[in-house]
Amino acid sequence: MSEHDAATQGEVQGEAGDVVAGAVTIRQGGARSVRAREISIHQGGSVRAQAEQLNVTQGGVLFARTDSAQVTAGAVGVVAARGEVELKASAAKLVLARDEVELEHSAAVVVAAPRVEISDSAVGVLIARHIEARNVRVMFGLKEAVAFGAAAGGVLWLLTHLRRR
């Protein structure tokens, strides 16, 4: 299948290219690009997903743009949300949200949101105004990230200037 177009609903089993529909469900399959009002992925994946509501269960998405997302026992490369993002027993590289991020038994490299609730999870860099945390491991907070960035920038500047001589 190279292109799926449907007025209201689309279901993908197996492999698909680009899918555009009102509501899309992917079960044990994958799609290159999915654009819909609602996307549900169960034991499958997508390279790109754009939706008002994204639900992933035991699946993955490389890049997601959504109003709100819920990922359970899955993985996301980058998720950018206007609303809330909820990760349960999942992993993500970059989570950006305008509203709130909830992590439960999950791991993320970078999380940035105004409000973050984390329990039993690990985060590399956390940037938030309000944080509610329980049993969390954070590698870098805002101060540490700025200090690390400044130190790394200074070392790189020094190396480039030493190399010129």
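A salt bridge here is a side-chain nitrogen of Lys or Arg within 4 Å of a carboxyl oxygen of Asp or Glu. Keep that cut-off in hand for the charged pairs below.

**Before you start**

This is a predicted model, in which local features need pLDDT of at least 70, side-chain atom pairs count only at pLDDT 80 or more, and totals for chains, interfaces and linings use all residues. Residues are numbered from 1 along each chain as its sequence is written, and side-chain values use heavy atoms, with hydrogens and water left out.

**Whole chain**

Colour by pLDDT, the predictor's confidence in each residue, from 0 to 100. The protein chain averages 87, and 88% of the residues score at least 70. Now select residues 1–8. Their pLDDT stays under 50. The model gives this stretch 20 contacts beyond four places in sequence, a contact being heavy atoms within 4.5 Å.

Switch to cartoon. The protein chain has one helix and nine strands. These are DSSP runs numbered from the N terminus, helices being H or I with at least four residues and strands E with at least two. In sequence order the pattern is β-β-β-β-β-β-β-β-β-α.

Next, burial. Buried means under 20% relative accessible area, exposed over 50%, and partly exposed in between (1.4 Å probe, protein chains only). Buried residues make up 40% of the 165 residues in the protein chain. Show the surface: the protein chain exposes about 9,400 Å², and carbon and sulfur atoms supply 53% of it. Such areas come from the Shrake-Rupley method with a 1.4 Å probe; for residues, only the protein chains shown count as cover.

**Stop 1: the paired strands**

Select S5 (75–81) and S7 (residues 91–97). They pair in the parallel sense over six bridges. Two strands count as paired if DSSP finds at least two bridges between them. Zoom in on Ala 81: its bridge partner in S7 is Ala 97. Add S9 (residues 107–140). S7 and S9 also pair in the parallel sense, over five bridges. Here Ala 91 stands opposite Ala 107 in S9.

Stay in S5 and pick Val 78. Val 78 is partly exposed, at 23% relative accessibility. Leaving out residues up to four places away in sequence, Val 78 touches Leu 62, Phe 63, Ala 64 and Leu 94. Try a distance to Val 110: the C-alpha atoms are separated by 9.6 Å, with the two positions 32 residues apart along the chain.

**Stop 2: strand S3 and a nonpolar patch**

Move to S3 (residues 45–57), where you find Val 47. Val 47 joins Leu 62 and Phe 63 in a nonpolar surface patch of about 260 Å². Patches are made of residues with over 30% relative accessible area and no salt bridge; like charges are joined within 9 Å, nonpolar side chains (Val, Leu, Ile, Met, Phe, Trp, Tyr) within 5 Å. Val 47 is partly exposed, with a relative accessible area of 39%.

Arg 48 lies in S3 too. Its relative accessible area is 46%, so it is partly exposed. Arg 48 touches Arg 32, Ser 33, Val 34 and Phe 63, not counting residues up to four places away in sequence.

**Stop 3: the salt bridges**

The structure holds six salt bridges. Select Arg 82 and Asp 67, whose side chains meet at 2.9 Å, N to O. This pair links distant parts of the chain, 15 residues apart: Arg 82 in the loop between S5 and S6 (85–88), Asp 67 in S4. Arg 82 is exposed at 53%, while Asp 67 is partly exposed at 26%.

Next, Lys 88 and Glu 86 meet in a salt bridge at 3.3 Å, N to O. Lys 88 is partly exposed at 33%; Glu 86 is buried at 14%.

Then go to Arg 115 and Glu 100, with the closest N and O atoms 3.6 Å apart. Arg 115 sits in S9 and Glu 100 in S8 (residues 100–104). Glu 100 is buried, at 11%, and Arg 115 is partly exposed, at 27%. Add Glu 117 and Glu 132 to see a network of salt bridges with Glu 100 and Arg 115.

**Stop 4: two backbone spots**

Which way does phi go at Ala 73, positive or negative? Positive, about 55 degrees, although Ala 73 is not a glycine. Ala 73 lies in the loop between S4 (60–72) and S5. Finish at Asp 120 in S9. Asp 120 has a positive phi of about 50 degrees, and is not a glycine.
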